[in-house]
Amino acid sequence: MENSYRIKGATGEWEVVIGLEVHAQVTSNAKLFSGAATTFGAEPNSQVSLVDAAMPGMLPVPNRECIRQAVRTGMAIDAQINKWSRFDRKNYFYADLPQGYQISQLYHPIVGEGSVEIEVEESVKTIGVERIHVEQDAGKLMHDQHPTRSYVDLNRSGVALMEIVSRPDMRSPAEAGAYLRKLRAILRYVGSCDGNMEEGSMRADVNVSVRKPGDELGTRTETKNVNSVRFVMASIEYEAKRQVEALESGERIVQETRLFNPDTGTTRSMRSKEDAHDYRYFPDPDLLPLELDDAFLDECRASLPELPDAKRKRYEAQGVTPYNADVLTAEVETARWFDALLEAGAAPVAASNWVTGELFGALNRIGKAIEDSPVTPGQAAELLALVADGTLSGSLAKQVFEVMLETGDAPGKIVAERGLKQTSDTGAIEAVIADVLAKNPGQLEQYRGGKVALFGFFVGQTMKAMGGKANPGVVNDLLKKALA
């Protein structure tokens with residue numbers, strides 16, 4: 001894929017090189033090494049075990065579910081799964097890190113190389129993933145509770161994270177955005193992370209450097225904890241331009257950690273970037289290496305759902321347009337709802353058009369997500385079947401759908417109770433047509449004199465006279481005969 005994104009500087013064009021380290025909170029009821037709960041938004045320090053608080057003599061015990069979710073995520077991106085992996089201690093002092101070290105995996109991660117396929121400007125590109133390792137989260141400092149002191153909330157301390165490290169394969173903010181969206185979709189399909197960036201359960205460290213096209217890699221900066229796709233793209237744009245301006249005015253780029261300010265769209269320096277040796281990594285003496293057997297790996301693989309790419313291809317093979325297939329697979333809840341609609345017997349093409357048009361429009365209007373839709377997939381399939389067999393016209397189907405949204409009733413019941421059935425009774429339609437022609441002699445004369453565009457006028461008048469309940473196909477056929 002040819003990348004067209006370049007930054008134009010005073011000395012010519014510059015290329016941007018981007019890598020992302022995504023921290024994804026593992027979906028589990030307990031923390032990585034303790035039985036404490038992980039619910040978001042609990043009272044501060046109400047979900048802290050003695051292990052999380054680093055009380056003397058406490059020993060960590062790995063949570064099997066967290067390991068399972070990391071392995072399933074690796075399998076979903078076709079990555080190497082390491083049957084033997086090990087936990088290391090990453091030593092640093094910070095007020096919200098009670099142990100004085102973080103248990104992570106540096107030398108022997110649980111998941112090795114994999115890849116994620118993205119689509120930007122209608123071309124496909126593969127982004128390499130270097131590794132996924134499992135580590136524990138730190139607590140959280142709260143600076144707004146007291147005028148002179150900072151408080152510490154340890155609810156997050158020890159929560160399991162997957163750190164998903166990409167290769168520096170992205171060359172534009174759009175590619176980074178596409179990668180993050182795709183990765184989030186995969187995690188949500190797999191169920192290993194809820195992808196809720198507002199709640200901090202997925203955040204990205206953004207590595208950016210610039211170079212003249214074809215040159216060696218430049219010095220990179222890392223912008224920490226960016227928590228939305230939009231902000232990731234904005235931070236890349238700002239940081240790349242800042243680096244180009246600095247280099248062109250003779251400055252050196254220093255390897256450092258920076259912070260993004262969403263209000264100003266700028267980054268600022270936080271601290272000089274540490275290297276691995278600064279953390280004095282060593283194998284955690286309290287934890288045995290993880291050894292995974294084939295039965296465990298088989299169970300992980302068997303539990304994987306159909307992933308977004310495979311689902312999109314299946315929809316397209318059933319005749320759904322590539323655009324609709326993209327929209328329907330972007331969020332896992334939409335895909336599940338649409339699958340349930342197909343299982344209820346709806347035809348794929350008509351169903352995809354109806355979901356992306358009528359249903360999305362209505363849900364938008366009433367401010368509901370698809371999983372909270374007042375209309376079930378079964379009811380929607382019944383409505384589409386009534387259109388397909390001629391019981392309802394398009395306009396009648398819209399009326400019935402509005403009633404379904406309000407009442408939650410099934411379409412068959414609404415049609416019966418309100419007499420909304422489309423009629424194909426030729427006798428009744430012929431009588432109405434005769435009446436319409438008799439009432440509009442001027443238009444009839446013009447039509448017979450060659451103004452054929454008036455055919456639509458007669459169709460409209462007939463449908464109006466029949467309250468929209470006439471079958472449009474039958475109306476067209478009978479009108480042609482009457483006018484001939």
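## Strand S11 and its two faces

In this predicted model, both faces of strand S11 are covered. On one side Met202, Ala204, Val206, Val208 and Val210 are buried, and on the other side Arg203, Asp205, Asn207, Ser209 and Arg211 are buried as well. In a regular strand the side chains alternate between the two faces of the sheet. For S11, which spans residues 202-211, 10 of its 10 residues are buried, and the strand is accordingly described as mostly covered.

## Strands paired with S11

Which strand pairs with S11 over 10 bridges? That partner is strand S2, residues 12-25, and the pairing runs in the antiparallel sense. Within it, Gly19 stands opposite Asn207 of S11, and Asn207 is itself one of the buried residues of the strand.

Strand S12, residues 221-226, also pairs with S11 in the antiparallel sense, here over 4 bridges. In S12, Val226 is the bridge partner of Ala204, a residue that lies on the side of S11 that also carries Met202, Val206, Val208 and Val210.

## Packing of helices H2 and H3

Helix H2 (residues 173-190) and helix H3 (residues 229-248) have axes that come within 9 Å of each other and cross at roughly 155°. Because angles over 145 degrees count as roughly antiparallel, this makes H2 roughly antiparallel to H3. The crossing of the two helices is right-handed.

On the H2 side the contact is made by Pro173, Ala174, Ala176, Gly177, Leu180 and Arg181, while H3 contributes Val229, Val232, Met233, Ile236 and Glu237. Taken by class, the residues of this contact divide into 8 nonpolar, 1 polar and 2 charged.

## Packing of helices H7 and H8

Helix H7 (residues 332-343) packs against helix H8 (residues 348-366) at an angle of about 135°, with the two axes 11 Å apart. H7 and H8 are therefore oblique to each other, and H7 passes H8 in a right-handed crossing.

The residues of H7 that make the contact are Thr334, Trp337, Phe338, Leu341 and Leu342, and those of H8 are Pro348, Ala351, Ser352, Trp354, Val355, Leu359 and Phe360. How many charged residues does the contact of H7 with H8 have? By class there are no charged residues in this contact, which has 10 nonpolar and 2 polar residues, whereas the contact of H2 with H3 includes 2 charged residues.

Terms used:
Residues are numbered from 1 along each chain as its sequence is written. This is a predicted model: local features need pLDDT of at least 70, side-chain atom pairs count only at pLDDT 80 or more; totals for chains, interfaces and linings use all residues. Side-chain values use heavy atoms; hydrogens and water are left out. Axes are lines fitted to C-alpha atoms, for helices over the stretch in contact, and angles run from 0 to 180 degrees between N-to-C directions. Angles under 35 degrees count as roughly parallel, over 145 as roughly antiparallel, 65 to 115 as roughly perpendicular and the rest as oblique. A crossing is left-handed if the near helix is turned anticlockwise from the far one by less than a right angle, and right-handed if clockwise. Contact means heavy atoms within 4.5 Å. Ala, Val, Leu, Ile, Met, Phe, Trp, Tyr, Cys and Pro count as nonpolar, Asp, Glu, Lys and Arg as charged, and the others, Gly among them, as polar. Buried means under 20% relative accessible area, exposed over 50%, partly exposed in between (1.4 Å probe, protein chains only). Two strands pair if DSSP finds at least two bridges between them.
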